[in-house]
Amino acid sequence: MLKSNKLYIRWMKSPLYIRIMFVVLFIIIFFGWIVAVIEPKEFPTTFDGVWWALVTISSVGFGDFAPETVTGKLIGMVLILIGASVITAFFATASAAAIKKQYSYVEGNVAFKDKQHVIIIGWNEKASEIIQSVRQIEPFKKIVLVDHTLEEAPLIENVHFIRGNPINDQTLLRANLTEADAAIITADQHKNELEADMQSILILLALKGLNKELYSVIEILTEHQINNAERAGADEIIKSYQLTSHFIISSYLARNKLSSIYADLNPASGNLFQLLNVPVQLIGVTFKKASHELLEKETILIGIKRGEKTIMNPPLSMIIETDDLLIIFAH
């Protein structure tokens, strides 16, 4: 009794269109079998009866098999009446389920099941630009957008939308955070700078709490929150207040439309800033010699990162050490 109850509960929990499909299959097999029993002359095998039931219930009616007796015709009439209702209900239910599923995707209610994806948190112009750049650099990289302000997914192809507060574990788990490759947290444009930074750090704490190995990039708007972002475990902190001010003052001093050059620094255009471990052949040589050797490989050496210190455009006589990182601009 208990086992039958479990089977019934499992049956009732299955999707409605699946249940209707099994009912349709049962009707076809049952009527095919019974007509073959009643009219063995017209239906030599059960398969012939099932074939007749299938073409009859679907209103195709090839006419290669047909009952001859009154009983057989009555069975056919019942089958046609059942087919008109059950088949219609099946396709209507299947269509409704497909539409509901599509709306669930649009509304951000469907969990992401794939792996090695990039999670972008927060929808704004920066997030849109990031998505476009990732799609150009890595066309097959899967992207998941998490945001609680959008009612529907933005019209961007191949971006899986998760609607919800990224501070909540359930939202992050629906984005399959534990299997993600990286996460990028953009500042909330609807809040003031301090509140936006505090929220970003809370999101970072939630990310690291569920997956401490996740590579995370966070945008910080105020200098006061840099230390908190570091304590929260950020792998990379983007100080947008600093970057923007530097670009603005450079444009002011140059007075020759540097903004058009900044646009070409987009990694999607093929221009990438990278940190490179010092090759063995460059250890102990001068910055000048290292620059010449890298230039032959179409790579421009622009600086050296030595510990926590970054030295841009150092003296040409500066000696490169083993533990240095070379700051390069590669195409």
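**Exercise 1.** Is Phe-31 buried or exposed? Work from its relative accessible area in this predicted model, then place Phe-31 among the aromatic pairs.

*Solution.*
1. The relative accessible area of Phe-31 is 10%.
2. The cut-off for buried is under 20%, so Phe-31 is buried.
3. Four aromatic pairs occur in the structure. One of them joins Phe-30 and Phe-31, with 5.6 Å from centre to centre and 90° between the planes, which is edge-to-face.
4. Phe-30 has a relative accessible area of 36% and is partly exposed.
5. Phe-26, Phe-30, Phe-31 and Trp-33 are linked into a cluster by ring pairs.

**Exercise 2.** Determine which residues of helix α11 are buried, and what they pack against.

*Solution.*
1. Helix α11 covers residues 287-295, and its buried residues are Phe-287, Ala-290, Ser-291 and Leu-294.
2. Viewed down the axis of α11, these buried residues lie within an arc of 105°, so they line one face of the helix.
3. The buried residues of α11 pack against β8 (299-306) and β10 (325-330).

**Exercise 3.** Describe the surroundings of the Glu-219 side chain.

*Solution.*
1. Glu-219 sits in strand β5, residues 215-220.
2. With a relative accessible area of 7%, Glu-219 is buried.
3. A polar atom of the Glu-219 side chain lies 2.8 Å from the backbone nitrogen of Ala-187.
4. The side chains of Glu-219 and Ser-240 make a polar contact at 3.2 Å.
5. Leaving aside neighbours within four places in sequence, the contacts of Glu-219 include Lys-126, Ile-185, Thr-186, Asp-197, Ser-200 and Ile-238.

Definitions and conventions: Residues numbered from 1 in each chain as written. Predicted model: local features only at pLDDT ≥ 70, side-chain atom pairs only at ≥ 80, totals over all residues. Heavy atoms only, no water. Phe/Tyr/Trp six-rings, centres within 6.5 Å; stacked < 30°, edge-to-face > 60°. Buried < 20%, exposed > 50% of the residue type's maximum accessible area, 1.4 Å probe, protein only. Helix = DSSP H or I, 4+ residues; strand = E, 2+ residues; numbered from the N terminus. Arc of directions from axis to C-beta. Contact = heavy atoms within 4.5 Å. Polar contact = N/O pair within 3.5 Å; in protein donor to acceptor, adjacent residues only side chain to side chain.
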